[in-house]
Amino acid sequence: MSYMFLKRYNPAYDFFLIQYFREGGIEFDENTTFDEADQRELFSIGLTSMTPHEKLFCSYVRSWRMHPEARPSYYELFDKAIGGSGSPDAKRLLRLESNKIQRNGKLVFSEREAAVSISEFYRKFLRNPLKMELERGGGGKDVTKFFSMEELRPLLEVRQIADEEEKEKLRNGIAKHLLEWFSSITPEKVESDIQRILREHEEVDDHMKLLPDDPTAKERSWSCRHASECVEIDFFQQFGSNSQSIFLKPSRGFRISDYVEEPGRNDIVFPWYLVVRTEWQAEGDIPRARKAQESVRYS
């Protein structure tokens, strides 16, 4: 099975969003500032009827308000602009990427490219800031923002019995060990983890869970999560559907940009990928969730 990877946030999407807005008669281009767009969106308040182009433009500007310094080039907005259904169409995206007019970056990424991006995220937002924190002697409680629950647990266990000096020594020891691990993360290691997790999902039978448990619920879906130290992948499949939604992201670092850069930039800097199969299932090769789905349907 082969896969391709799409970034949830990708400045290359803006080319298609601009094109879509202009097709709908909206004056908007790569030079339009946030303040200009914001004023136009404010005029839409109270309107009872808007075209699809105008509705998407308003959604775009509202998302832009979260971080005016960077355009909201999100997959969910891009997908609507190209008339998508929510589920990425691999062949169509490759055709769009090959369009000679579109020269503003890639839409589709390889497994290796996704691994490089995630490795770089660990280096820039976790390893380097933690290293600087330790080098300037700022250990103490400041380093705990890089800790997961696993690293925090030893501190919680001694918080009532250890003095401040002992706590700081323990914090710094954990931080130094964590820095070594961050430094060991390479594109090769991340890529190997991605391959192993995807293979694990494909090879293990009937491991997805149908949620919610209530059989009368209007919407139910199969889901599972596979994780390594570096990455985790979530799989979702709507009950009654053969298509899966697959999401790849680092195992840690969600919202670390709030501390390393500034609040509100997580959606921009956190490397969240949509994973798309690029080969059709061989005839008779029924997806794991579908097997379980049929057993539920006919039991």
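How many aromatic pairs does a search of the whole structure find?

1. The search, run over the whole of this predicted model, finds 27 aromatic pairs. One of them is formed by Phe121 and Tyr122, whose rings meet edge-to-face with 6.2 Å from centre to centre and 70 degrees between the planes. Both of these residues, Phe121 and Tyr122, are buried.

2. Tyr122 also takes part in a pair with Trp181, again described as edge-to-face, with the centres 6.0 Å apart and the planes at 85 degrees. Because Tyr122 belongs to helix H6 (residues 111-135) and Trp181 to helix H8 (residues 164-184), this pair ties together parts of the chain that are 59 residues apart in sequence. As for accessibility, Tyr122 and Trp181 are both buried.

3. These contacts belong to a wider arrangement, since ring pairs link Phe121, Tyr122, Phe125, Trp181, Phe182, Phe254, Phe270 and Trp272 into a cluster.

4. A contact of another kind involves a charged side chain and a ring: Arg8 lies over the face of Tyr74, at a distance of 4.5 Å from the ring centre.

5. The second largest pocket deserves a separate point. Its space amounts to about 350 Å³, and its lining is made up of 20 residues, with Ser117, Ile268, Val269, Phe270 and Pro271 lying nearest the centre. Phe270, listed among those nearest residues, is also a member of the aromatic cluster described above.

6. Which elements give two or more residues to the lining of the second largest pocket? They are H6 and helix H11 (266-269), and the largest share, five residues, comes from H6. H6 is also the helix that holds Tyr122 of the pair with Trp181. Sorted by class, the lining of the second largest pocket has eleven nonpolar, two polar and seven charged residues, a composition that a colleague may wish to keep in view when reading the pocket.

7. On the cysteines, the count of disulfides comes to zero, the criterion being a pair of cysteine sulfur atoms within 2.5 Å. Are Cys58 and Cys230 buried or exposed? Cys58 has a relative accessible area of 2% and is therefore buried, while Cys230, at 0% relative accessibility, likewise counts as buried, the cut-off for that term being under 20% relative accessible area.

Definitions and conventions. Residues are numbered from 1 along each chain as its sequence is written. This is a predicted model: local features need pLDDT of at least 70, side-chain atom pairs count only at pLDDT 80 or more; totals for chains, interfaces and linings use all residues. Side-chain values use heavy atoms; hydrogens and water are left out. Rings of Phe, Tyr and Trp (its six-membered ring) pair if their centres lie within 6.5 Å; planes under 30 degrees apart count as stacked, over 60 as edge-to-face and the rest as tilted. Buried means under 20% relative accessible area, exposed over 50%, partly exposed in between (1.4 Å probe, protein chains only). Helices (H or I, at least four residues) and strands (E, at least two) are DSSP runs, numbered from the N terminus. A charge sits over a ring if NZ of Lys or CZ of Arg is within 6 Å of the ring centre and within 35 degrees of the ring normal. On a 1 Å grid over the protein atoms alone, a cavity is a set of points where a 1.4 Å probe fits but cannot get out, and a pocket is an open set with protein on both sides within 12 Å along at least five of seven lines; lining residues have an atom within 4 Å of a point. Grid points are joined across faces, edges and corners, and a volume is the space filled by probe spheres set on the points. Ala, Val, Leu, Ile, Met, Phe, Trp, Tyr, Cys and Pro count as nonpolar, Asp, Glu, Lys and Arg as charged, and the others, Gly among them, as polar.
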